[in-house]
Each structure stands twice: as C-alpha cells, then as structure tokens.
Amino acid sequence: MEVYSTNLGRSDPSIREGASGDNVQFWDEQARLLHWFTPWKETLRWNPPFARWFVGGTTNISYNALDIHQDDIADKPAIIWEGEDGTSQTVSYGTLYLQVQKTANLLKSLGVRKGDRVTIYLPMIPEIIVSMMACARLGAVHTVVFSGFSAKSLADRMNDSGSTVLITADVGYRRGRIIPLAQTAQEALKSSLKIRHTIMVQRQDGIPSTWVPWTEINNKSDKCAAEPVESTDPLFILYTSGTTGRPKGVLHGTGGYMTHIHSTFRWAFDIQDTDIYHCTADVGWVTGHSYVAYAPFLCGATEVMYEGAPDHPNPSRTWQILEKHKVSIFYTTPTALRMLMRHNAMAAKSYNLSSLRLLGSVGEPINPEVWVWYHDVIGDGRCPVIDTWWQTETGGMLISALPGLESIPLKPGSGTLPIPGIDMAVLDENGKTAPPDTKGYLVVRNPWPGMMLTLWGDEQKYRDTYWSRFPDYYYPGDYAIQDKDGYMWLLGRADDILKVSGHRIGTAELESCLVSHKKVAESAVIGVPDEIRGEGIVVFVVLRSGMDGMGMESELEKIIVSQIGTVARPDAIHIVPILPKTRSGKIMRRLLKSLVTGKQIGDLTTMEEPGALDEVRRILQDCGCDESW
Ligand code: WTA
C-alpha cells in the first residue's frame with residue numbers, strides 16, 4: 001500500500017504539545033505573534049456558549065496585514081490578479097497599503113464610522129479586498145454578498161445588516177459573459193432601507209449619476225491610521241444558509257479570528273517568503289474571507305487572484321494559471337478537481353507544474369480517487385495534499401493535516417487530525433462518544449479563537465442551532481467517523497443543508513422561495529448525489545388546486561434565480577399531485593431522495609398515504625428521471 005505523508009520535513013512538536021496542556025494559554029501565545037496596540041487583560045472569557053477572546057486588547061487586522069510589512073516588503077507583490085481574458089495586474093504591499101487608506105478615507109467622508117455596516121457586492125477583483133480592509137481599518141463591519149446572488153438576496157442582506165454604504169462594480173466577467181452587477185444592485189436598492197451611498201468600480205462606460213465612482217479614492221489622502229478596535233469588536237457579518245427559510249448572519253470578531261487564521265494559514269500551508277499561493281475560492285464565501293482576503297497578507301505572502309471560471313476558455317485554464325504564475329501552493333475545491341479530472345485526467349501533464357509544492361482542498365468531502373489523482377498527477381507524487389474541514393461559523397480550519405508544522409501520514413479522503421488546541425469528538429444519537437470507525441455527529445468540545453461571536457441580531461437562534469443538539473458542545477451539523485488512529489473522515493451534512501459545487505444552500509430557503517409563487521401549495525427540495533458538483537438540487541412542488549402546470553418549471557426556475565440567485569438553480573423540477581408525508585404531516589424527503597436515486601425504499605409504516613409514492617414514481621418515470629440519476 002502506498003504511504004502518503006506531509007513530507008516537508010517540518011517538525012515543531014512544541015505547538016501540539018503546548019496545545020495539549022492549557023489550550024487557553026496556548027492561544028495566548030499564538031496571539032502574541034501579531035501586533036496589538038494594547039495587550040489584553042483576559043485571554044478567554046467563556047460565558048457558554050459565547051466566547052470572547054483577548055478581552056481588553058486592542059488591535060486592527062488591516063494594520064497586521066499592511067502596516068507591519070511596509071518597512072521590509074513594500075515592493076513585494078501582494079496580489080497578482082488575472083482576468084478571464086488573460087490580462088494581469090500586480091498590486092504590491094505598498095500599493096495595497098495606500099489604496100486601503102484612500103478607500104478608508106473615502107468611506108469616512110461618506111460618514112462611515114466604527115461599528116457601521118458596509119455591504120460589498122463585487123466580483124473577484126483586488127477592489128474587493130481593498131474594500132474589506134478599508135472597512136476593517138475604520139472598525140466598520142463589512143458584509144460581503146457573493147456576486148452570484150440576486151437583487152432580492154442582496155437587498156435582504158443590506159437590510160438585515162443595516163448597511164449604510166454599498167460598494168459594487170458595474171460588471172463582472174465570468175465564462176465569457178458579462179455579469180451586470182450594477183443593474184442587480186440598482187434593483188436591490190429599490191427596497192433598501194438604509195443605504196445612503198453607493199460606490200461603484202467602473203470597468204465599462206456609464207454610471208448612475210448619484211453613485212460615487214471608485215476613482216474618487218484618488219482624491220483622498222493616502223494616510224488613514226488604523227483605528228484601534230477591541231479584540232471582541234465585530235469584523236464582519238457573512239450570511240450563510242441554515243435549516244430555516246432565512247439565511248443567518250454569522251458574526252465574527254477581530255482578535256480571535258485574526259489569531260486563528262494567522263496560525264492555521266502558516267501551519268497548514270507552510271508559507272515561506274518565496275511562495276506563490278493561489279486559492280480559487282470566491283471572496284464572497286468564507287474561504288475567500290479567511291484565506292484569500294486576510295490570512296495571506298497577515299503572513300506577507302503573495303497570492304494569485306483569478307476572476308473567471310476555472311475551465312474557461314478551456315479546462316486547462318487552471319493549469320495555465322498555475323504554470324504562468326509559478327504557483328507553489330494551490331487551494332481549491334473537490335468540485336473543481338472532479339470537473340478537471342473528468343475532462344482530461346492527464347491534461348495537466350502538458351503544463352510545467354514543477355513550482356507546486358503543496359495542495360489543499362476545502363468545502364466538501366473529497367473522494368479518495370480524486371485525492372489520489374490530485375496527489376499523483378497534479379502534485380506529481382511530491383506534494384502533500386491537505387483536506388481542510390471547517391465552516392463559515394468556525395472562522396478558520398479546525399481539521400487539517402499541517403505540513404508546515406509536523407509530519408504525519410496522510411489517508412486519502414480523511415481530513416486527518418483536529419488542529420492543535422481543538423478538542424473534537426464524534427458522538428452517537430444520545431451524545432455518547434461513538435466507538436471508533438462508527439458514523440456519528442461531529443462536535444467541538446472547547447471554544448476556539450475563530451469561533452463566531454453570535455448570529456447577527458438573533459442570539460437565540462445561535463443557541464438553538466449550534467448548542468442545543470448536544471448541550472455544552474458546538475454542533476456543526478456534520479456527520480463524521482473517527483478511526484482508530486484518531487483521524488477524522490467527514491461524511492457531509494447531517495441536516496437539510498446542501499453543498500452544491502461547494503456552495504452552501506439551505507433546502508428550507510429554496511422551499512420558502514418556491515411557495516411564495518402564487519400557484520404553489522407545497523414544495524420539497526432534496527439534494528441528490530452529483531458526480532462533479534457533490535450534490536444537485538431536485539425540486540418537487542404541489543400546485544394549488546385548479547392551477548394549470550403549463551410552463552411552471554421555467555417559472556419556478558425563474559423565481560429561484562430572481563429571489564436567491566443563479567447559485568441555487570435547480571437541476572430538475574417536478575410538479576406532483578401529492579407529496580409523501582408522515583401521519584403528523586412532515587414531508588418525507590428521505591423517500592423522495594430514495595426514489596430519485598433508485599435506492600431501496602425503507603420503512604413506510606409512518607406514512608400517511610402510501611399511494612403518494614406511486615404518484616411521484618410515475619412522474620419521475622415519465623420524465624426518465626428515476627433510478628438513473
Ligand atoms: C462542508 C466552507 C468535508 C461541511 C469552508 C461543513 C467539508 C460545510 C469540508 C461548511 C471538508 C467543509 N470535507 N466537508 N474538507 N470542508 N465541508 O460554511 O459540511 O461554506 O459543515 O464553509 O462544508 O460550509 P461553509
């Protein structure tokens with residue numbers, strides 16, 4: 001059997017040993033590696049389930065990402081940006097520093113102060129990072145909305161966060177198409193409650209006259225001192241799908257979050273001065289926040305940022321980018337890897353990828369075959385592959401091999417061990433530790449620095465969602481197995497959240513969107529396995545009595561795209577006369593899933609009307625969808 005390992009020869013046992021004792025003291029030491037204006041008085045205030053790290057300390061993440069580098073690496077590239085059309089642009093640490101200060105001054109002139117919220121709706125261009133850091137510099141709270149979200153999603157997030165300023169662009173570019181962001185923003189602004197100013201990055205001609213052009217930053221001073229903020233002050237809100245109809249605003253703080261991502265970025269990626277790092281995540285999602293917009297700069301690294309689809313204009317685009325920019329550390333998703341592998345498993349061999357030295361995966365379970373291909377073909381058998389498990393709520397990685405810290409054997413498909421300082425377990429239904437090699441629920445048993453502060457405006461929901469399933473433990477909502485060596489195998493969600501191409505989508509959110517259509521009485525949304533994207537979305541709806549189903553599929557697709565966004569576009573929509581339900585009236589999604597995937601239908605004793613299944617089966621057969629998904 002082939003043995004894989006984190007073979008970089010690093011060995012710093014002091015970190016894991018240090019963490020195995022007093023883990024609060026351990027994080028205290030890690031936080032000292034960063035710059036603080038005033039030291040903290042209390043390392044952790046643990047008032048379950050609320051953790052507040054480095055209480056009384058003041059700092060600023062933008063200071064740690066920029067100011068501290070100006071004496072030694074001002075000329076070093078911070079961002080090497082590449083557009084889909086092949087144009088590139090390099091932004092040095094010095095330039096980024098000035099741009100962030102000018103932008104912070106622009107925001108200030110528009111009335112933005114510490115604690116105010118700013119919504120950022122931008123494509124993958126350096127300005128998205130500049131905007132986030134400018135907010136952070138002032139102590140303002142940013143809320144980035146992924147550019148694939150619709151006007152309604154954008155408006156909901158602006159309103160829920162109470163943002164007063166919106167930063168957007170006229171257009172984005174993806175897969176050879178133009179994404180009309182300003183148009184969507186204009187639509188969203190019609191129902192915005194508090195936005196006073198919109199700043200727009202102009203990439204083409206034409207701008208609504210009331211908007212502030214981004215170029216206005218050039219009329220501002222390039223000096224804006226970083227505001228000392230409390231470690232426990234919020235840094236950002238990032239909305240994410242949950243098990244209810246409305247997305248939740250995950251609120252992250254400053255000092256703990258910064259310490260967590262700074263530590264994990266170094267340990268996991270073994271970052272060195274000469275590295276060129278490329279992460280394919282969009283800044284609109286949490287990976288893009290932690291490991292594109294912040295951590296690389298805290299560590300003085302150079303990163304490649306790409307605006308566009310990884311397979312455009314052809315599936316070798318990713319390999320071209322790695323070759324062109326001599327990328328040494330590559331961090332991507334299983335979906336991207338499966339797509340590239342499926343297209344041409346050996347295509348990468350025609351590119352010179354000898355610069356690569358470490359590979360990472362995030363966002364969904366990675367199949368062992370894909371892991372081995374990533375290791376053997378892309379990494380040429382030389383590069384360790386790390387599978388990093390974490391969530392929007394955790395702020396940074398909680399499970400990953402750490403080639404920058406230690407040498408351990410790797411097992412394809414396993415995330416390996418919890419990072420130092422994190423106490424995790426797998427529990428059974430009753431909250432007892434599951435025996436090794438048995439599927440159960442993943443939990444975290446102690447607070448960690450990257451932990452969310454709360455859910456924005458909904459403390460009760462924070463308690464209910466994460467701390468009620470297993471009192472005293474954080475419940476992330478994932479199934480896992482811990483093997484005899486203590487290695488974690490992540491098995492996907494245990495709740496109604498889907499992971500489609502690594503994007504988190506709540507079935508409840510889709511269902512409430514579908515029933516907002518006047519002809520729809522009921523709906524059920526399920527995830528079905530998809531070879532490339534991990535999961536695909538299948539929708540079932542029952543129409544109100546007497547309603548005509550003509551053209552409904554396309555109408556329902558439209559309502560999803562307009563209310564949520566293109567990310568949630570379903571793969572199939574079925575209009576059915578009845579949905580299978582339990583006697584207490586709960587929709588049996590599990591049965592629908594079995595029907596679509598051709599699995600054995602289990603126990604039907606709790607079912608209200610068994611004939612409902614035959615009705616659904618007949619409809620699936622008519623469209624040729626069942627058992628052959
Ligand atoms: C899933 C993304 C298996 C998991 C960083 C988690 C993973 C959800 C992995 C969070 C992994 C993330 N292996 N599953 N390495 N990483 N997940 O908030 O179900 O977009 O709960 O954060 O993604 O998704 P989120």
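**Rings, cavities and a few residues in between**

Lysine 439 sits over the face of tyrosine 479, 4.1 Å from the ring centre. Arginine 469 does something similar with tyrosine 441, lying over the face of that ring at 4.8 Å from its centre. Both come from a predicted model, and the same goes for everything described below.

Rings also meet other rings here: the structure holds 35 aromatic pairs. Take phenylalanine 236 and tyrosine 257, whose ring centres are 5.1 Å apart. Their planes meet at 80°, and planes over 60 degrees apart count as edge-to-face, so that is the label this pair gets. The pair ties together distant parts of the chain, with phenylalanine 236 in strand S15 and tyrosine 257 in helix H8 (residues 255-269), 21 residues apart. Phenylalanine 236 and tyrosine 257 are both buried.

Another edge-to-face pair is made by tryptophan 467 and tyrosine 474, with 5.7 Å from centre to centre and 65° between the planes. Buried or exposed? For tryptophan 467, and for tyrosine 474 as well, the answer is buried. These two also belong to a cluster held together by ring pairs, whose members are Trp46, Phe50, Trp448, Tyr462, Tyr466, Trp467 and Tyr474.

Back in strand S15, which covers residues 234-240, there is proline 234. With a relative accessible area of 26%, proline 234 falls between the 20% limit for buried and the 50% limit for exposed, so it counts as partly exposed. Once neighbours within four places in sequence are set aside, the contacts of proline 234 are Val141, Leu251, His252, Gly253, Thr254 and Leu453. Methionine 341 is another matter: it is 107 residues from proline 234 along the chain, and the C-alpha atoms of the two are separated by 40 Å.

Threonine 143 is found in strand S8 (residues 141-144). Its relative accessibility is 0%, and anything under 20% is buried, so threonine 143 is buried. Leaving out residues up to four places away in sequence, threonine 143 touches Val118, Thr119, Ile120, Ser161, Ser163, Ile237 and Tyr239.

What about the empty space inside? A search of the whole structure turns up 5 cavities of 30 Å³ or more. The largest cavity holds about 70 Å³ of space. Its lining is made of 13 residues, and those nearest the cavity centre are Trp53, Gly253, Gly256, Pro449 and Leu453. Two of these names, Gly253 and Leu453, also appear among the contacts of proline 234. Strand S3 (50-55) and helix H8 each give at least two residues to the lining of the largest cavity. Sorted by class, the lining of the largest cavity has 6 nonpolar, 6 polar and 1 charged.

The second largest cavity comes in at about 60 Å³. Around it are Phe149, Ser241, Trp285, His503, Arg504, Ile505, Gly506, Glu509, Ile564 and Val567. Which element gives the most to the lining of the second largest cavity? That would be strand S29 (residues 503-506), with 4 residues. The lining of the second largest cavity splits into 5 nonpolar, 3 polar and 2 charged residues.

Pockets, unlike cavities, are open. The second largest pocket contains about 290 Å³ of space. It is lined by 14 residues, with Lys152, Asp156, Gly245, Arg246 and Pro247 lying nearest its centre. Helix H6 (151-161) and helix H14 (507-514) each contribute at least two residues to the lining of the second largest pocket. H6 has the largest share of that lining, 5 residues. As for class, the lining of the second largest pocket divides into 4 nonpolar, 4 polar and 6 charged residues.

The last stop is helix H10 (residues 317-324), whose buried residues are Arg317, Thr318, Trp319, Ile321 and Leu322. Strands and helices both help to cover the buried residues of H10. The strands include S5 (77-83), S17 (276-279), S18 (302-307) and S19 (329-332), while the helices include H11 (334-343) and H12 (368-378). After H10 comes lysine 326, with a positive phi near 50°.

Key
Residues are numbered from 1 along each chain as its sequence is written. This is a predicted model: local features need pLDDT of at least 70, side-chain atom pairs count only at pLDDT 80 or more; totals for chains, interfaces and linings use all residues. Side-chain values use heavy atoms; hydrogens and water are left out. Buried means under 20% relative accessible area, exposed over 50%, partly exposed in between (1.4 Å probe, protein chains only). Contact means heavy atoms within 4.5 Å. Rings of Phe, Tyr and Trp (its six-membered ring) pair if their centres lie within 6.5 Å; planes under 30 degrees apart count as stacked, over 60 as edge-to-face and the rest as tilted. A charge sits over a ring if NZ of Lys or CZ of Arg is within 6 Å of the ring centre and within 35 degrees of the ring normal. On a 1 Å grid over the protein atoms alone, a cavity is a set of points where a 1.4 Å probe fits but cannot get out, and a pocket is an open set with protein on both sides within 12 Å along at least five of seven lines; lining residues have an atom within 4 Å of a point. Grid points are joined across faces, edges and corners, and a volume is the space filled by probe spheres set on the points. Ala, Val, Leu, Ile, Met, Phe, Trp, Tyr, Cys and Pro count as nonpolar, Asp, Glu, Lys and Arg as charged, and the others, Gly among them, as polar.
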